[in-house]
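I opened this model to look up where the ligand sits and what holds it. My notes follow in the order I checked things.

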Amino acid sequence: MHSRLHAHVGTMRRLEILLAVHDKESINEATKALFLTQPTVSIQMRKLSDTIGEPLYRYVNRKLVFTDVGLELVKTAVEVLDSFSRLYQTLGSMRELKSGTLRLAVVTTSKYFIPHLLGPFCEQFPNIDIQLYIGNREQTIERMKQGIDDFYVFSHPPKDIEAHSLAFLENPLVAIAHQDHPLAKQESISLSELCQAPFLMREKGSGTRYAIEQLFKKHKLQANIKMTIESNEAIKHSVMSKLGISIISAHTLTYGGQSGLVRLPVKELPIDSHWFFMWSNTKRPTLIATEFLEHIESNGKYLLLKELEKSASIG
Ligand code: PGA
């Protein structure tokens with residue numbers, strides 16, 4: 001049988017008064033802290049003690065000391081009020097997950113697969129807003145420095161910003177040419193041969209360009225840059241139009257047309273890199289951001305790999 005004691009204890013306010021008296025170890029001090037009058041506090045305490053049927057405190061050497069019974073009641077009051085503050089937090093979280101915003105800044109090359117991570121996530125939380133900013137590496141680093149977004153996606157994370165990071169997908173950078181290009185006939189190509197051919201390069205600030213430059217630097221070579229182009233798709237189509245050769249992320253080739261393109265068997269390639277999700281290690285993540293991270297780490301990654309497998313890639 002359930003006890004009806006709670007019905008006699010009175011309101012939550014009475015429990016708050018009890019906790020203030022316990023905390024301050026004085027009726028007077030509790031009165032001040034609660035902006036009440038002394039008789040109000042004393043009456044409320046007496047009503048509580050009448051309900052329990054025993055004194056809650058005594059005066060020992062003029063000091064207010066709680067009895068064991070009083071301390072038990074204090075313990076229960078703490079639990080009850082704690083439950084309410086947990087309820088308050090849960091309700092806030094439920095509201096946030098219903099209407100919050102997830103902000104992502106991703107480098108251009110990752111735009112091919114990020115939507116495949118966002119799709120299933122939005123199915124789970126249909127009412128949230130997504131803000132997806134797409135820029136090159138340098139622009140994305142700038143946003144990261146300003147702390148604008150919840151997550152950043154790079155394949156060449158900035159070395160001078162400390163942050164959490166999660167590697168979640170490979171990003172091979174491969175050489176491509178039109179099938180009629182003389183290099184396309186060779187069974188094996190060296191990087192020094194590759195750098196003789198007119199090269200289509202991404203713009204300054206691009207992560208792809210950064211990775212290519214690092215590779216050429218390592219081999220003490222220089223690309224024969226014929227055109228600088230600000231977009232992966234435009235590079236791909238320029239290669240398809242025989243304007244030159246290039247090195248781009250294999251993800252760029254997975255989607256959209258690729259007629260006439262071949263992958264060149266350059267010994268020093270692919271450049272092996274990974275996609276990283278990065279997020280601040282000083283800012284507290286929002287609840288949606290936490291859910292999103294959980295989504296990437298669990299089924300999101302799996303769904304994404306399946307999606308990428310489905311898309312045909314050039315041989
Ligand atoms: P990008 O970035 O789109 O700036 O070339 C790709 C990367 O960071 O590897």
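**Shell and domains.** I started with the shell around the ligand. Domain 2 (98-169 + 274-315) and domain 3 (173-272) each supply at least three residues to it. The model is a predicted one, so I kept that in mind throughout. For orientation I noted the full division of the protein chain: domain 1 (1-94), domain 2 (98-169 + 274-315) and domain 3 (173-272). I also looked up the spacing of domain 1 and domain 2, whose C-alpha centres are 48 Å apart.

**Shell members.** Next I listed the residues around the ligand. They are Val107, Thr108, Thr109, Asn136, Arg137, Ser155, His156, Arg202, Ser206, Gly207 and Thr208. I sorted this shell by residue class and got one nonpolar, eight polar and two charged.

**Polar contacts.** Which atoms of the protein approach the oxygen atoms of the ligand? I found a backbone N or O atom of Arg137 at 2.8 Å from a ligand oxygen. Arg202 uses its side chain, with a polar atom 3.2 Å from an oxygen atom of the ligand. Gly207 brings a polar backbone atom, and the distance to a ligand oxygen is 2.7 Å. I then checked the cover: on its own the ligand has 280 Å² of accessible area, and the protein covers 100% of that.

**Cavity.** I turned to the empty space in the protein. How many cavities of 30 Å³ or more are there? I counted one. The largest cavity has a volume of about 90 Å³. It is lined by 14 residues, and closest to its centre are Val107, Thr109, Ser155, Gly207 and Thr208. The lining splits into three nonpolar, nine polar and two charged residues. I then placed the ligand, and it sits in this largest cavity.

**Position.** Where does the largest cavity lie relative to the domains? Its lining takes residues from both domain 2 (98-169 + 274-315) and domain 3 (173-272), so the cavity lies between these two. I closed the entry with the ligand in that cavity, its area covered 100% by the protein.

How values were computed:
Residues numbered from 1 in each chain as written. Predicted model: local features only at pLDDT ≥ 70, side-chain atom pairs only at ≥ 80, totals over all residues. Heavy atoms only, no water. Near = heavy atom within 4 Å. Polar contact = N/O pair within 3.5 Å; in protein donor to acceptor, adjacent residues only side chain to side chain. Areas by Shrake-Rupley, 256 points an atom, 1.4 Å probe, with all protein chains shown as cover. 1 Å grid on protein atoms, 1.4 Å probe; cavity = no way out; pocket = protein on both sides within 12 Å on 5 of 7 lines; lining within 4 Å. Sits in = over half its atoms within 2 Å of the grid points. Nonpolar A, V, L, I, M, F, W, Y, C, P; charged D, E, K, R; others polar. Domains from an automatic or database assignment. Points joined across faces, edges and corners; volume = space filled by probe spheres on them.
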